[in-house]
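Colleague: I would like a close look at a single part of this model, taken slowly enough for a first-year student. Please go through it strand by strand and then turn to what surrounds it.

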Amino acid sequence: MSDIFGLAALSGVIRRDVRLAMRRKTDALTPVIFFVIVVSLFPLGIGPERDTLRQIAPGILWVAALLASMLSLNRLFEQDYADGTLEQLVLSPAPLGMLVIGKVGAHWLLSGAPLVLLAPLLALQFDLPASSLSVLAISLAIGTPVLSLIGAIGASLTLGLRGGGVLVALLVLPLYVPVLIFGAGSVDAVAAGLDAVSHLSLLAAVLVLAGFFAPLATTVALRIALE
Amino acid sequence: MLEGVNLQATRGERSLFARLSFQVETGECLFVQGENGSGKTSLLRVLAGLTPPSAGTVRWKGSPVQQLRDEFRRELLYCGHLSGLKDELSAIENLVAGALLAGDPVASCVVREALHQAGLQGRDDLPVRFLSQGQRRRVSLARLLLQRRALWILDEPLAALDVQAVRWLVGLIDSHLRSGGLAVITSHQDMALVNRPHVIRIGV
């Protein structure tokens with residue numbers, strides 16, 4: 001067997017999920033459009049006071065990103081569970097952890113990556129300076145994969161439960177807090193004339209931790225859900 | 001080859017079966033019978049390693065399945081109640097993706113040929129949601145042609161199949177057993193296999 005580490009299976013999962021999302025465009029676009037709308041509502045509600053807007057922008061963009069990423073979480077494993085694909089994934093000779101990373105990767109590509117690209121554009125509504133824009137994009141690029149990873153734990157734990165959507169929020173949002181603090185903090189730091197490197201390094205450390213532990217926890221939860 | 005030792009499964013407080021032991025050798029088929037709710041599916045899920053038994057062990061080639069992990073899964077093909085098909089994808093896309101995830105990638109022309117044998121020519125590129133229940137079942141059974149696995153665990157494979165498809169499937173299982181494969185099957189209908197399968201009844 002050439003595929004010891006399950007890399008072929010991993011890319012197979014990503015490709016299949018992305019293709020599925022292309023067939024179900026409304027599902028795939030919902031979190032992105034939600035993000036755009038929520039972020040755009042704040043300048044309209046608060047009014048054109050530049051100083052206020054500039055101050056609240058990082059927090060709003062990050063909170064909107066958290067909520068947008070959470071919106072699509074209950075679909076992460078739910079459909080695979082309902083149609084039996086999850087059984088086949090668990091019975092695959094490829095390591096389940098790799099397949100989970102594939103699922104999370106596809107979730108990030110569909111709900112995290114678009115936010116990274118859109119955020120700098122939306123941040124213009126808040127009159128953020130150019131230096132903050134790049135840090136915002138970098139912090140989102142490091143932070144949104146963490147959201148998908150932690151979200152996978154919540155989604156797998158609530159698999160097969162009725163009203164799982166609300167429960168996911170309760171489970172996952174507290175775990176998102178460090179990401180929110182370091183993510184929004186990095187943009188704040190730049191705005192205050194400081195260096196963002198410390199915040200971004202901490203964010204990257206969270207990513208490494210989540211990248212290691214989240215697939216493990218998710219595989220355990222998935223196996224329990226199927227019993 | 002496949003051996004169940006003192007297997008027990010419980011649903012809540014109720015014991016479905018207990019002290020169940022059996023052995024299936026190469027070329028043999030185990031036919032599990034029982035009423036609705038007697039625990040046939042639970043037994044099959046235990047054998048496939050999806051559910052751990054509440055007592056007892058499942059052995060494959062003498063070693064417990066729990067220890068073998070992917071070594072066992074590489075030789076197993078499980079066809080459950082759920083089709084494992086994505087409604088939005090076509091039959092071909094489903095089977096190609098499924099085979100890749102199962103660790104033995106196949107080319108789409110091979111898949112087309114397998115679907116042809118399953119009696120689905122002309123419907124290969126249709127999203128699966130437009131297929132009937134029986135046709136979906138045929139698509140998921142076409143995996144039997146694509147993945148070379150020693151042990152087939154089939155849960156009610158005849159459900160929703162027409163007479164022709166039943167004949168095709170029985171022939172497929174016969175040739176699998178002839179070439180040294182094993183099969184564990186549940187069904188409420190009789191299957192006219194060439195060699196008489198071992199029958200166990202549970203829930204009596």
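Modeller: A good place to start is one pair of residues in chain B: B:Leu151 has B:Leu182, in strand 8 of chain B, as its bridge partner. Please keep in mind that this is a predicted model.

That pair belongs to a longer run of contacts. Strand 7 of chain B covers residues 151–155 and strand 8 of chain B covers residues 182–186, and five bridges link them in the parallel sense. As background, strands of a sheet pair through backbone hydrogen bonds, either parallel or antiparallel.

Now the wider sheet. Strands 7 and 8 belong to an open sheet of five strands in chain B, whose order is 6-7-8-3-9 and whose pairing is parallel. At its edges are strand 6 (76–79) and strand 9 (198–201) of chain B, each of which pairs on one side only. From one strand to the next, the twist averages 15°.

Helices pack on this sheet. Helix 1 of chain B, residues 40–48, touches strand 3 (29–33), strand 6, strand 7 and strand 8 of chain B. The direction of helix 1 makes about 155° with that of strand 7 of chain B. Helix 8 of chain B, residues 163–178, lies across strand 3, strand 7 and strand 8 of chain B. Relative to strand 8 of chain B, helix 8 runs at about 145°.

Helix 8 also matters for the next topic, the domains. The domain assignment divides chain B into domain 1 (1–75 + 149–204) and domain 2 (86–148). Their C-alpha centres are 23 Å apart. Where the two touch, domain 1 of chain B supplies 13 residues and domain 2 of chain B supplies 10 residues. On the domain 1 side, helix 8 of chain B gives the largest share, five residues. Sorted by class, that side of domain 1 has nine nonpolar, one polar and three charged residues.

Antiparallel pairing is found elsewhere in chain B. Strand 1 (residues 2–11) and strand 2 (residues 14–24) of chain B run antiparallel and are joined by seven bridges. Within this pair, B:Leu7 stands opposite B:Leu20 of strand 2. The hairpin they form has two residues between the strands, and B:Gly12 takes a positive phi near 65° there. Strand 1 of chain B also pairs with strand 4 (residues 55–60) of chain B, in the antiparallel sense over five bridges. In that pairing, B:Gly4 has B:Val58 of strand 4 as its bridge partner.

Key. Residues numbered from 1 in each chain as written. Chains lettered and ligands numbered in written order. Predicted model: local features only at pLDDT ≥ 70, side-chain atom pairs only at ≥ 80, totals over all residues. Pairing = 2+ DSSP bridges. Helix = DSSP H or I, 4+ residues; strand = E, 2+ residues; numbered from the N terminus. Axes fitted to C-alpha atoms, helices over the stretch in contact; angles between N-to-C directions. Contact = placed C-beta atoms within 7 Å. Domains from an automatic or database assignment. Nonpolar A, V, L, I, M, F, W, Y, C, P; charged D, E, K, R; others polar.
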